[in-house]
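Student: Could you take me through one part of this model at close range, and show me how that part sits in the rest of the chain? I work at the bench, so please spell out the cut-offs as you go.

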Amino acid sequence: MPSKKHYIITSITLGAIAMASAVLIGVTNLATRNQIKKNEQNKINAGISEIFGKSATISKEFAIKEYKYSNYVYQVKQEENDNNYALRTTGSNMYGKVSLIVGFKYQETEYVFSGLYVVSNEQTYASTLVENYIDPLNKKTRDLDDVSCGATYGAKLVRDMVNEAKEVVNKGFGE
C-alpha cells in the first residue's frame, strides 16, 4: 500500500513536469512570435502584389470589427492611384477555416471585385476549392454565384465573404 510520501513525491514530480512544459511553451512563443507576424505580413503583401500588381503597396491599414467575415482593410496604392482597397476576410464552416485577401478597384461609381488571394485554407477540400472555384474567379472564367465546384460549402463561404467585403468597401469604413 502506497504511503503519503509516495503521493507527495508523485504530485511534486508531475507539478515539476507541468511547470517545465509551461516554461518551454512560453519560451517557444517568445522566440517565434515576431517571425509568425512577419510571415503573416509577407503573405498579405504577396496577396496585394498578386491582386494589384508588383508596384502595389499598402498605404494605410486598419481593423474593422462590426462584420462577420471582414477583419482588416488595406488601402492600396498602385502607381498614382490610391483608390483601391483590399480586405482581409476570415470565415469558417463545418469543413474548416479560410482566410482571404479580397481586392477591389474603384471604377466610375463603385468598387468592383478584382481578385482573391488565399492567406490560409484549412478546408477539407482545400485544393478542390482553389482549383475549381478561386482560380477560375481570379481568371474571370467563373461567376461568383456559381458555387457548384466539388467543394460547394467552401465556395459558398468564399462567395459570402466576397459579397460582404464588397458591401463593406462600397458602404465605407467609418474611419
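**A close look at helix α2**

Tutor: Happy to! Read from start to end, the chain runs α-β-β-β-β-β-α-α, which makes three helices and five strands. Helices here are DSSP runs of H or I with at least four residues, strands are runs of E with at least two, and both are numbered from the N terminus. This is a predicted model, where local features need pLDDT of at least 70 and side-chain atom pairs count only at pLDDT 80 or more, while totals for chains, interfaces and linings use all residues. Residues are numbered from 1 along each chain as its sequence is written, and side-chain values use heavy atoms, with hydrogens and water left out.

Before we zoom in, a word on the overall form. The C-alpha trace spans about 85 × 40 × 30 Å along its principal axes. With a radius of gyration of 22 Å, well over the 16 Å that the globule rule gives for 175 residues, the chain is more spread out than a compact globule. That radius is taken over C-alpha atoms, and the rule is 2.2 Å times the number of residues to the power 0.38. Of the 175 residues, 36% are buried; that word means under 20% relative accessible area, with exposed meaning over 50% and partly exposed in between (1.4 Å probe, protein chains only).

Now to our part. Helix α2 covers residues 126–138, and Ile 134 lies in it. The buried residues of α2 are Ala 126, Leu 129, Tyr 133, Ile 134, Pro 136 and Leu 137. What covers them includes β4 (96–107), β5 (110–121) and α3 (152–171).

Ile 134 makes a good anchor for your eye. Its relative accessible area is 2%, so Ile 134 is buried. Leaving aside residues up to four places away in sequence, Ile 134 touches Leu 100, Leu 116, Val 118, Leu 129 and Val 158, a contact being heavy atoms within 4.5 Å. For a sense of distance, try Ala 46: it is 88 residues away from Ile 134 along the chain, and their C-alpha atoms are separated by 16 Å. Just after α2, look for Lys 140, which takes a positive phi of about 65°.

Moving on along the chain, you come to a charged pair. Side chains of opposite charge can pair when their charged atoms come close. Asp 146 forms a salt bridge with Arg 142, with the closest N and O atoms 3.2 Å apart; the term means a side-chain nitrogen of Lys or Arg within 4 Å of a carboxyl oxygen of Asp or Glu. Asp 146 has a relative accessible area of 37%, so it is partly exposed, whereas Arg 142, at 18%, counts as buried. Another salt bridge joins Arg 159 and Asp 160 at 3.3 Å, N to O, and Asp 160 is partly exposed at 30% relative accessibility.

By this rule there are three salt bridges, and the remaining pair is worth a detour. Glu 40 bridges to Arg 88, with 2.8 Å between the closest N and O atoms. Because Glu 40 lies in helix α1 (residues 4–52) and Arg 88 in strand β3 (residues 81–93), the pair ties together parts that are 48 residues apart in sequence. Glu 40 is partly exposed at 35% relative accessibility, while Arg 88 is buried at 11%.
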